[in-house]
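Me: I am new to this structure. Can you show me how to read it, feature by feature?

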Amino acid sequence: MSVNPRHKKIWAVVMSIPRGSVSTYGDVARFAGYLRCARMVGSALRTAPKELKVPWHRVINSQGKISFPSAGEQARIQKRLLEDEGIVFLSGTVNLKNYAWQGDLDSNLWRM
DNA sequence: GCACTGACTCCCA
DNA sequence: ATGGGAGCCAGTG
């Protein structure tokens with residue numbers, strides 16, 4: 001059974017998101033080299049094998065919110081996991097200004 | 001193999 | 001601020 005190389009790439013990008021940071025579907029797609037393929041990221045995460053331990057919870061939508069029905073269990077779990085990493089939710093929203101992952105470029109610089 | 005859906009996003013009225 | 005439509009492509013029936 002062959003796994004789409006695109007999905008592999010996406011998993012790799014997501015796995016490189018450091019603990020305590022988050023990224024958006026659109027950004028992950030862009031970092032992976034698939035501009036405008038946000039939906040593919042969701043698809044890739046959905047089919048990601050657990051063995052890889054992909055930190056899917058660090059991926060949220062461009063509005064800084066969780067892309068699951070707020071009443072759902074998934075949303076609750078994701079929020080919990082993020083808060084465990086020190087991410088703060090303000091009225092159900094994450095401040096991307098503070099937590100958005102900046103990509104490969106030296107995160108130590110801007111983090112000063 | 002076609003048609004529809006979806007863990008999305010951008011753009012414009 | 002808000003809603004509709006297009007773009008992307010993999011999974012599912």
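Reply: Start with a cut-off. A residue counts as exposed when its relative accessible area is over 50%, and as buried when that area is under 20%. This is a predicted model.

Me: Is lysine 53 buried or exposed?

Reply: Lysine 53 has 71% relative accessibility, so this residue counts as exposed. Lysine 53 sits in the loop between H3 and E2. Its phi is near 55°, which is a positive value in a residue other than glycine.

Me: What is the phi of arginine 36, and where does arginine 36 lie?

Reply: The phi of arginine 36 is near 65°, again positive in a residue other than glycine. Arginine 36 belongs to the loop between H2 and H3. With 77% relative accessibility, arginine 36 counts as exposed.

Me: Now a helix. How do I read its faces?

Reply: An α-helix has 3.6 residues a turn, so residues three or four places apart point the same way. Now take H3. Its buried residues include Met40, Val41, Ala44 and Leu45. Seen down the axis of H3, the buried residues fall within an arc of 135°, so they line one face of the helix.

Me: Which residues are exposed on the other side of H3?

Reply: Arg39 and Arg46 are exposed there.

Me: Where does valine 59 lie, and is valine 59 buried or exposed?

Reply: Valine 59 is in strand E2, residues 59-60. At 1% relative accessibility, valine 59 counts as buried. Compare its position with leucine 45: the two are 14 residues apart in sequence, and their C-alpha atoms are 9.3 Å apart in space.

Me: Next, the DNA. How many residues surround DNA strand B?

Reply: For this step, a residue is near a strand if one of its heavy atoms lies within 4 Å of it. DNA strand B is surrounded by 14 residues, and the closest are Arg39, Gly42, Trp56, Asn61 and Ser62. By class, this surface has 6 nonpolar, 6 polar and 2 charged residues.

Me: Which parts of DNA strand B come within 4 Å of the protein?

Reply: Sugar or phosphate makes up 45% of those atoms, and the rest belong to bases. Look at single atom pairs too. A side-chain N or O atom of arginine 39 is 2.2 Å from a base nitrogen of DNA strand B. A polar backbone atom of serine 62 is 2.8 Å from a phosphate oxygen of this strand. For tyrosine 25, a polar backbone atom is 3.4 Å from a phosphate oxygen of DNA strand B.

Me: Which elements give two or more residues to the surface near DNA strand B?

Reply: They are helix H2 (25-32) and helix H3 (38-46). H3 gives the most, with 5 residues.

Me: What surrounds DNA strand C?

Reply: The residues are Asn4, Arg6, His7, Arg36, Cys37, Arg39, Met40, Ser43, Arg46 and Thr47. Of the atoms of DNA strand C that come within 4 Å of the protein, 88% are sugar and phosphate. By class, this surface has 2 nonpolar, 4 polar and 4 charged residues.

Me: Which elements each supply at least two residues of the surface near DNA strand C?

Reply: Helix H1 (5-15) and H3 do. H3 has the largest share, 4 residues.

Me: What do arginine 39 and arginine 46 contact on DNA strand C?

Reply: A polar side-chain atom of arginine 39 lies 3.4 Å from a base oxygen of DNA strand C. For arginine 46, a polar side-chain atom is 3.2 Å from a sugar or linking oxygen of the strand. Asparagine 4 adds a side-chain N or O atom 3.5 Å from a phosphate oxygen.

Me: Last, pockets. How are they found?

Reply: Rolling a probe the size of a water molecule over the atoms shows where empty space is left. The largest pocket here has a volume of about 200 Å³. Its lining includes Tyr25, Trp56, Val59 and Phe68. H3 gives the most to this lining, with 4 residues. The lining divides into 5 nonpolar, 5 polar and 1 charged.

Me: What lines the second largest pocket?

Reply: Among its lining residues are Lys65, Phe68, Arg76 and Lys79. This pocket holds about 150 Å³ of space. By class, its lining has 3 nonpolar, 2 polar and 3 charged residues.

Definitions and conventions
Residues are numbered from 1 along each chain as its sequence is written. Chains are lettered from A and ligands numbered from 1 in the order in which they are written. This is a predicted model: local features need pLDDT of at least 70, side-chain atom pairs count only at pLDDT 80 or more; totals for chains, interfaces and linings use all residues. Side-chain values use heavy atoms; hydrogens and water are left out. A polar contact is a pair of N or O atoms within 3.5 Å; within protein, one must be able to donate a hydrogen and the other to accept it, and residues adjacent in sequence count only if both atoms are side-chain atoms. Ala, Val, Leu, Ile, Met, Phe, Trp, Tyr, Cys and Pro count as nonpolar, Asp, Glu, Lys and Arg as charged, and the others, Gly among them, as polar. On a 1 Å grid over the protein atoms alone, a cavity is a set of points where a 1.4 Å probe fits but cannot get out, and a pocket is an open set with protein on both sides within 12 Å along at least five of seven lines; lining residues have an atom within 4 Å of a point. Grid points are joined across faces, edges and corners, and a volume is the space filled by probe spheres set on the points. Buried means under 20% relative accessible area, exposed over 50%, partly exposed in between (1.4 Å probe, protein chains only). The arc is that of the directions from the helix axis to the C-beta atoms.
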